[in-house]
Amino acid sequence: MVLLIEIIPDKCDFCGCCVGVCPEDAIELKEAEIKIIEELCTNCSKCVWSCPIEVLKFNFDKTAGKKNEK
Amino acid sequence: MKNEYDIIVVGAGPAGSIAAKYASEKGVSVLMLEKDRDVGYPVRCGEAVSLAGVEEFVKPDPKWIASEITKFSFISPDKTEVLIPFEGKGIILERKIFDYELANSAAKNGTEIITRAYVNGLLFENNSVAGVKYEFRGKQYQIKSKIVIGADGVESRVGRWGGLKTFSDFRDMESGVQITAANINVDPNTCYFYWGSEYAPQGYLWIFPKSNGLANVGLAITGDIGKKRSAISYLNDFMNNYFPNASVLSSVAGGIPFTPTLEKIVNPGIMLVGDAARQINPLSGGGIISGMIGGSIAGKVAADAIISNELSKIYEYEKLWHDRLGKRHEMFNRIKNGIYKFSDEKYDQIAHSLVGLPDEKRSLGNVAKRAVINNPSLLIDVAKVFFSK
């Protein structure tokens with residue numbers, strides 16, 4: 001399993017707070033649309049702590065690693 | 001619409017609109033792009049400003065004044081209330097109308113405005129920013145300009161693409177959350193500020209009254225506090241305890257960079273204004289007036305640089321901003337670092353000593369003095385703020 005940061009889009013206010021603290025430019029925000037660019041994200045978690053309304057959270061990518069399970 | 005403009009402003013908030021207004025006033029061609037559907041929406045702001053600050057840019061209009069403020073109320077952790085008359089007059093804005101008005105004033109001067117235009121990159125020529133790429137109704141466009149003014153808010157990426165370091169440390173980024181609620185029975189002419197660990201540790205909670213029992217109730221906490229508990233949970237607790245019968249009409253959240261201005265706000269072909277440049281007062285978190293001041297300076301400097309055909313003149317903006325407000329914000333930041341770390345007991349001590357003063361001696365200067373007694377290292381900075389012009 002791999003630790004991931006996940007956004008719950010239904011709860012998101014699209015305020016851009018997480019974008020402003022992301023040192024990797026890994027969060028993209030358009031009108032009513034937000035996504036984390038996984039290749040750039042380092043899981044530093046700054047976006048999680050700065051979100052005022054708990055939209056971002058840690059999650060585990062349960063599919064990761066399965067390719068190696070033989 | 002043209003293929004090329006002298007200036008492109010990205011973001012139609014107060015800083016962007018004022019930059020566009022002042023630039024187009026000088027006769028240069030200006031295009032302003034806004035990513036949202038509406039100028040001024042969603043509103044992410046407490047909406048409190050000084051009337052004098054607004055008057056510098058736009059004639060006051062009852063349409064966008066929700067209430068007038070004549071007093072401050074400071075409430076300490078043990079619920080001691082200190083009422084202080086406000087020197088001058090404050091107002092609570094209706095930002096949705098106010099922002100329209102500012103954009104309208106830019107348009108009247110000749111600025112072209114497109115909403116739902118999502119800027120997703122910059123154009124470069126000879127190592128200088130030379131325009132923007134944007135998406136509009138699913139199609140990609142490119143448009144050239146001599147100067148790009150980034151007014152794209154706290155989430156600014158325009159600056160980053162232009163080689164400016166716009167990232168904020170999460171410890172300095174306050175997590176703000178606010179509701180506009182009905183049935184908030186407070187004095188409609190008083191702004192309330194709650195301090196202490198119960199309400200908003202390393203920040204403050206505010207109630208800014210609008211008309212007819214409506215009020216903006218919000219708070220901001222640092223990312224460090226947010227690690228342990230979210231801003232919204234503090235606000236929910238406050239509302240349940242103090243206004244259980246309130247009805248929430250709208251809610252917003254957002255980051256407030258309680259920091260001094262970025263070290264660099266200009267690079268070849270690009271200037272940053274407002275929240276994007278971190279032109280927020282780091283003590284109060286207020287950014288409307290200071291953003292408009294930044295925008296006005298940038299707009300004028302950019303237009304002058306184009307008219308004189310000396311684009312390197314845009315660097316003058318950094319100095320002019322620092323002379324007008326930037327240095328002052330650095331001082332506010334030092335004061336904030338002292339005051340926001342006070343313990344609950346210290347806030348209570350200050351409130352108790354102020355309550356004992358006769359009404360005429362209660363002033364913001366006296367609040368500052370009492371704060372200084374508790375942290376003498378703040379003395380010089382506070383003195384500079386309150387006793388210099």
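B:D99 is buried, with a relative accessible area of 3%, where buried means under 20% relative accessible area, exposed over 50%, and partly exposed in between (1.4 Å probe, protein chains only). The exercises below start from this residue. The model is predicted, so local features need pLDDT of at least 70 and side-chain atom pairs count only at pLDDT 80 or more, while totals for chains, interfaces and linings use all residues. Residues are numbered from 1 along each chain as its sequence is written, chains are lettered from A and ligands numbered from 1 in the order in which they are written, and side-chain values use heavy atoms, with hydrogens and water left out.

**Exercise 1.** Find the residue with which B:D99 forms a salt bridge, and describe where the pair lies.

*Solution.* Begin with the rule: a salt bridge is a side-chain nitrogen of Lys or Arg within 4 Å of a carboxyl oxygen of Asp or Glu. The partner of B:D99 is B:R95, and the closest N and O atoms are 2.8 Å apart. Next, place the pair in helix α3 (residues 95-108) of chain B, where B:D99 and B:R95 are 4 residues apart and thus separated by about one helical turn; helices (H or I, at least four residues) and strands (E, at least two) are DSSP runs, numbered from the N terminus. Finally, check the accessibility of the partner: B:R95 counts as buried, at 11% relative accessibility.

**Exercise 2.** Describe the salt bridge between B:K89 and B:E68, and say which strands the two residues lie in.

*Solution.* First, the side chains of B:K89 and B:E68 meet at 3.4 Å, N to O. Then look at the strands: B:K89 lies in β5 (residues 81-93) and B:E68 in β4 (residues 65-75), both of chain B, so the pair ties together parts that are 21 residues apart in sequence. Lastly, B:K89 is partly exposed, with a relative accessible area of 36%, and B:E68 also counts as partly exposed, at 36% relative accessibility.

**Exercise 3.** Describe the contact between chain B and chain A, and the residues on the side of chain B.

*Solution.* Start with the contacts, meaning heavy atoms within 4.5 Å: 32 residues of chain B are in contact with 23 residues of chain A. The count of salt bridges between the two chains is 2, and A:D25 and B:R160 meet in a salt bridge at 3.4 Å, N to O. Several elements of chain B each supply at least two residues of the side that touches chain A, including α4 (158-161) and β14 (247-257), and β14(B) gives the most, with 5 residues. The residues on this side divide into 11 nonpolar, 10 polar and 11 charged, where Ala, Val, Leu, Ile, Met, Phe, Trp, Tyr, Cys and Pro count as nonpolar, Asp, Glu, Lys and Arg as charged, and the others, Gly among them, as polar.

**Exercise 4.** Describe the largest nonpolar core and name the helix that gives the most to this core.

*Solution.* A nonpolar core is a set of buried Ala, Val, Leu, Ile, Met, Phe, Trp, Tyr and Cys residues joined through side-chain atoms within 4.5 Å. The largest has 70 residues, and those with the most contacts inside it include B:I7, B:F98 and B:M271. Helix α7 (residues 288-307) of chain B gives the most to this core, with 11 residues. Apart from it lies another core, of 42 residues, among them B:I179 and B:F238.
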